[in-house]
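Me: I should like to understand how descriptive terms are justified for a protein model. Please set each value against its definition.

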Amino acid sequence: MGFKTGDFPPVDPARLFELPYLERIKVLSRHWVEYGFGTPKMTHVIYLAKLLVVYVVGGLLISALTSGLNPLEFSSWWTEPIFYQKLILWTVFLEALGAGGSWGPLAGHFKPFTCGWRTYLKVDTIRQAPWKRVPLTGGDRRTGVDVLLYAAVIAVLLAGLLLPGTADADLTQLGFDAGRVMPAVAAVLAVLMVTLGLRDKVFFLQARGEQYLPAIIFFAAFPVVDMIVALKVLIVAVWFGAGFSKFGKHFSMVVPPMVSNTPWLPSKAVKRMHYKDFPRDLRPSYRGSLLAHVGGTFVEIVTPLVLLFTVNATVALLAAGVMVCFHLFITSTFPLAVPLEWNILFAFAAVFLFLGHPNWAGYGLGDMNPALLALTVVGVLFFPVLGNLRPDLVSFLPSMRQYAGNWASAMWAFAPGAEDRLDQHLVKPSEMTVKQLSALYGPEAAEVVMHQLLGWRAMHSQGRALNSIMINQLGADIDHYTLREAEFSTNCIIGFNFGDGHMHDARFIESLQRRCGFRPGEFVVVWIESQPVHRNHLRYQVIDAALGVVERGVYRAEDAVAEQPWLPNGPIAVDVQWRMRGYERVRYPKPATDREEVQR
């Protein structure tokens, strides 16, 4: 891998697409083991520059200077509550603009890198209300009202960042001189985020409202000590929820592909160690599972609980150090959703909350108002509990199931030429990913990259199932349909995706159909819901855009986990529980040999 050149699979693109689909997956999944996405090192340098210059330095200067603190004197600001408050507002500001997570090439945004504000400030882009029956949230078209609400959120965020702190007697008594963010500003921001979020769940999730909105509410309504303790409860809930979600059969399959994509790890031998028997068996090895569940599950469950309850300074220091290293490691692997700012914030939060305001110094659970503590615990646990029991009702982000491998996913299949309608008929922030890549690298290389994403998805449990169900639907036609990883395609239409298939569910496909008018069989979707914590199966849907949901069924998680990415034993078993009466997919003829002729 070079600084400016990527590491493409060692196969001629024209020959790659002469192979049957599952043979392509075999080539590309094996390539991923040793090279990951094959991204040029220059891309990682761009991410690091954004992270260090824009987020870290920018956040430090804005948070300190607007609060009357000296950014060059660490001791003057690292324990100040207003500094932490403004750092969270700075993070929300960047996320809301689309300059945080799901930014740039690793998230499928090649040109332009930033799509957030390009979506939310544009009338007629698709918006998605989280629930159908909330008054004044109907429809799927972004209106001038939505644009004004978004502009208001940005304006209030800037006000909270730039205005000096307001005096607080409790803070002064505790020895803090810079005050706090005006509670009225935080309250208005919370109301605006909820209002816009009820009209568009995508914005709410992009702003990471499931984690930052509770903090903003604490800023607005809680006394200082209660606010600090509530922030501890919140971050522990996030850590613990993520750790709990890693139990099960999915997470071990997440870590080896993540390690394979780590830019600072050039050793192919080390990458291969995380798989059972490369190149024959790409299931996780014992070492891969150990790293996943000791370095992930154990750390995220045990260490936060230690931080929440310990009154020993040495233990707190060690535990905070573990969490800092944990988040720095994740940052260094550049996961495809690129939640880099989030990880740096949480690394700092471990230090600020548990060392800057330790339990033994008056910031423990027993120092919080009991009624507020109970309300806080119930509030931060409600959606994680509901989301683990009923993942169909709650996004995996409010469910606190970040990067656990148990996520709703989908795969799209277009008849020849049908994908072009997305660019022809949709108002969106960018061209589809394949068009962006074609402008940079040419059409053949672009298709290779798009298939690399399918190879990556096939290394996860849902990928095996998506391919199995799609093969059941398309049969031999799968070799000449245009196949797409839905997360990255959705990115181009709504400007954001974070691995949550709820952003491109059946309602979203209906929105595409209303605008694009696909004929039966032209656009087929396989969609999988997350696994509930108390079930051993996952539910799936097959959607024909022109007809709606045409099939529902279930499959067992262990069947997907047991297979290889290229399904050498054939599709995994599924239990079809319902199928539209009389449905039979409309078949399309194979495309011409010349791929450019097909595009014309």
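The exchange below takes several terms in turn.

Reply: This is a predicted model, in which local features need pLDDT of at least 70 and side-chain atom pairs count only at pLDDT 80 or more, while totals for chains, interfaces and linings use all residues. Residues are numbered from 1 along each chain as its sequence is written, and side-chain values use heavy atoms, with hydrogens and water left out.

Me: Why is Phe352 called buried?

Reply: Buried means under 20% relative accessible area, exposed means over 50%, and partly exposed lies in between (1.4 Å probe, protein chains only). Phe352 has a relative accessible area of 0%, so Phe352 is buried. Phe348, at 16%, is therefore buried too.

Me: Why is the pair of Phe348 and Phe352 called stacked?

Reply: Rings of Phe, Tyr and Trp (its six-membered ring) pair if their centres lie within 6.5 Å; planes under 30 degrees apart count as stacked, over 60 as edge-to-face and the rest as tilted. For Phe348 and Phe352 the centres are 6.0 Å apart and the planes differ by 25°, and the pair is stacked. By this rule the count comes to 32 aromatic pairs.

Me: Where do Phe348 and Phe352 lie in the chain?

Reply: Both belong to helix 17 (residues 340-354), 4 residues apart, which is about one turn of the helix. Helices (H or I, at least four residues) and strands (E, at least two) are DSSP runs, numbered from the N terminus. An α-helix has 3.6 residues a turn, so residues three or four places apart point the same way.

Me: What makes helix 22 largely enclosed?

Reply: Of its 14 residues, 13 are buried, so helix 22 is largely enclosed by the rest of the structure.

Me: How do you know that the length of helix 22 is close to the expected one?

Reply: The expected span is 1.5 Å times one less than the number of residues. Helix 22 (residues 461-474) reaches 20 Å from its first C-alpha to its last, close to the 20 Å expected.

Me: What makes Arg30 count as sitting over the ring of Trp566?

Reply: A charge sits over a ring if NZ of Lys or CZ of Arg is within 6 Å of the ring centre and within 35 degrees of the ring normal. The charged end of Arg30 is 4.9 Å from the centre of the Trp566 ring. Arg552 likewise lies over the face of Trp578, at 5.0 Å from the ring centre.

Me: Why are strand 5 and strand 6 called paired?

Reply: Two strands pair if DSSP finds at least two bridges between them. Strand 5 (residues 523-528) and strand 6 (residues 537-544) run antiparallel and are joined by 5 bridges.
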